[in-house]
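Grab a pencil and try each exercise yourself before you read its solution. The molecule to work with comes next.

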Amino acid sequence: MTENTQNNTNDPLDLDDELSTGELALAERAALRRVAGLSTELEDVTEVEYRQLRLERVVLVGVWTEGTAADSEASLAELALLAETAGSEVLEGLVQRRDRPDPATYIGSGKVTELRDIVISTGADTVICDGELSPGQLRQLEEKLKVKVVDRTALILDIFAQHASSKEGKAQVELAQLQYLLPRLRGWGESLSRQAGGRAGGGNGGVGLRGPGETKLETDRRRIRARISKLRRQIAAMSVIRDTKRGARIANAVPNVAIAGYTNAGKSSLLNALTGAGVLVEDALFATLDPTTRRSQTPDGLPYTLTDTVGFVRHLPHQLVEAFRSTLEEVADADLLVHVVDGSDGMPEKQVTAVREVISEISERRDDPMPLELLVVNKIDAVGELGMARLRHLFPTAVFVSARTGEGITELRERIATLIPHPEVVVDALVPYARGEIVARVYREGEILKERHTEEGTELSARVRPDLAGVLEQFATNGSRA
């Protein structure tokens, strides 16, 4: 008997059954994978544009144009976290004070020479700039530094490409990447030399080279535009499915609570703590991209949905905002926005500002008001007494929780219950026992205020929607009231 029990305990199938969806996804992400074709030889000119960024040993460069020195250092520290999330080792971080970035080389020709010396001395193979570079700046820096140059936008897009798992998420990321890539396509060697025109015997042409004069670069641009159009049609078709599900929730008057916030603020952990969803949780930026919706209910039994959305970051690339519009609309359409803030961050107020700017942009595009906001400060278990005093001063109306320890979760549930929309019609009815499905619907869609079982049936007082009030009208004892 003991051996059988021990064997069952060690059965890997039993262990897998105990793992949540998020734990399985995290194990898959950390698992070893056999990678085919590791050669870095470029078989095609466009491969350099499309292959995944190879970030190994990097030097970070930023331009401080406004704000305080602490702001510029915080921005570069966040860039370092992004680089580490993408799988690289940060060697140096440099900031230059300028009125505005140099239009040719971002940091100026003299500083480029100094940066080249640092790259050589550290053995770095990549330079990451804390800003979005123009195509000209990108080309000039790569020619002078002789190493790969990546800007902040390309780095974030690369992380999104690594973490996207659903069909919609992959399509959205690819669309954002192609929109970023289109103006930055550049020639590579003789393979992009222009074809000769249609004139017979052209001096630079010859047999087989006479044609319409379209370059390989122009062909690539045309193909990318065609792919962008196709992706937009696919995402629009997927958004119809999302709108249908959202419409069903609206038709059933199920309140929708959207969890939004800065990346790595603990949104997925909070969703797990509130609903036991078991979604992926990882201490990394943009660990989860695909929105997850779970059903929950208030302490008095009113059902509502919780949706975990994609994280935000300072200077979120506009290509991502455009591509993830259908996903971000979950935030704009919510009845209540639970705005999660990382309490352990050095400047949480900057996080709040960055998130509100993006949500405000989405609301303005839709010409809709911003949803009701409930500020939630997470990770208070990692904050000392002095830090808590500062947080309470910064966010006096916020709820302070720790998704890891469970502290404050009960208070958060109660605050959500008071802020979400409630059914507005109160009905007193005596429902026969033969119509038990109506009582079940009241439990499912309404809010039971009082219930008593009698010989004739179930006597109840409930707060319900107008359509359900119409169903209960035939059993009403004293009519409905608002």
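Below are six exercises on this predicted model, each with a worked solution.

**Exercise 1. Getting an overview**

Find out how many helices and strands the protein chain has, and what share of its residues is buried.

*Solution.* Start with the secondary structure: the chain has 18 helices and 14 strands. Next, look at burial. Of the 482 residues in the chain, 46% are buried. Then turn to the outside, where the accessible surface is about 25,000 Å² and carbon and sulfur atoms account for 50% of it. Finally, check how far along the chain the contacts reach: among contacts between residues at least 6 apart in sequence, 69% join residues at least 24 apart.

**Exercise 2. Into the core**

Work out which residues have the most contacts inside the largest nonpolar core, and which helix gives this core its largest share.

*Solution.* First, the core itself: the largest one has 61 residues, and Leu270, Val338, Leu412 and Ile416 have the most contacts inside it. The largest share, six residues, comes from helix 8, which covers residues 152–163. There is also a second, separate core of 17 residues, with Val63, Ile107, Leu141 and Leu145 among them. As background, nonpolar side chains tend to be buried together in soluble globular proteins.

Now zoom in on Val338. Skip its neighbours within four places in sequence, and you find it in contact with Val257, Ala258, Ile259, Ala260, Leu270, Leu374, Val376 and Ile416. Two of those names, Leu270 and Ile416, are also on the list of residues with the most contacts in the core.

**Exercise 3. Two helices meet**

Decide whether helix 11 and helix 16 are roughly parallel or roughly perpendicular, and say which residues make the contact.

*Solution.* Two packed helices are described by the angle between their axes and the distance between the axes. Here, helix 11 (residues 267–275) and helix 16 (residues 409–419) pack at about 85°, and their axes are 11 Å apart. Angles from 65 to 115 degrees count as roughly perpendicular, so helix 11 and helix 16 are roughly perpendicular to each other.

Who does the touching? From helix 11 come Leu270, Ala273 and Leu274, while helix 16 brings Ile409, Leu412, Arg413 and Ile416. Sort these residues by type and you get six nonpolar, no polar and one charged.

**Exercise 4. Leu374 and its company**

Locate Leu374, decide whether it is buried or exposed, and list what it touches.

*Solution.* Leu374 sits in strand 9, which runs over residues 372–378. Its relative accessibility is 2%, and because buried means under 20%, Leu374 counts as buried. Not counting residues up to four places away in sequence, Leu374 touches Leu336, Leu337, Val338, His339, Val399, Leu412, Arg415, Ile416 and Leu419. Pick Leu419 from that list: the C-alpha atoms of Leu374 and Leu419 are 8.5 Å apart, though the two residues are 45 residues apart along the chain.

**Exercise 5. Same helix, which burial?**

Take Glu73 and Thr85 in helix 5 and label each one buried or exposed.

*Solution.* Helix 5 covers residues 69–85 and holds Glu73; Thr85 lies in helix 5 too. With the cut-offs of over 50% for exposed and under 20% for buried, Glu73 at 53% is exposed, and Thr85 at 17% is buried.

Now for distances. Glu73 and Gly93 are 20 residues apart in sequence, with 9.1 Å between their C-alpha atoms. Thr85 and Ile159 are 74 residues apart along the chain, and their C-alpha atoms are separated by 7.1 Å.

**Exercise 6. A tour of the loops**

Place Lys146, Asn264 and Ala334 in their loops, and label each one as buried, partly exposed or exposed.

*Solution.* Begin with Lys146, in the loop between helix 7 (135–145) and strand 4 (148–151). Lys146 has a relative accessible area of 60%, so it is exposed. Its phi is near 65°, a positive value in a residue other than glycine.

Asn264 is in the loop between strand 5 (256–261) and helix 11. Its phi is also near 65°, but at 23% Asn264 is partly exposed.

Ala334 is in the loop between helix 13 (325–332) and strand 8 (336–342). With 8% relative accessible area, Ala334 is buried. Beyond its neighbours within four places in sequence, Ala334 is in contact with Asn256, Ala258 and Pro371.

Definitions and conventions
Residues numbered from 1 in each chain as written. Predicted model: local features only at pLDDT ≥ 70, side-chain atom pairs only at ≥ 80, totals over all residues. Heavy atoms only, no water. Core = buried A, V, L, I, M, F, W, Y, C linked by side-chain atoms within 4.5 Å. Buried < 20%, exposed > 50% of the residue type's maximum accessible area, 1.4 Å probe, protein only. Helix = DSSP H or I, 4+ residues; strand = E, 2+ residues; numbered from the N terminus. Contact = heavy atoms within 4.5 Å. Axes fitted to C-alpha atoms, helices over the stretch in contact; angles between N-to-C directions. Parallel < 35°, antiparallel > 145°, perpendicular 65-115°, else oblique. Nonpolar A, V, L, I, M, F, W, Y, C, P; charged D, E, K, R; others polar. Areas by Shrake-Rupley, 256 points an atom, 1.4 Å probe, with all protein chains shown as cover.
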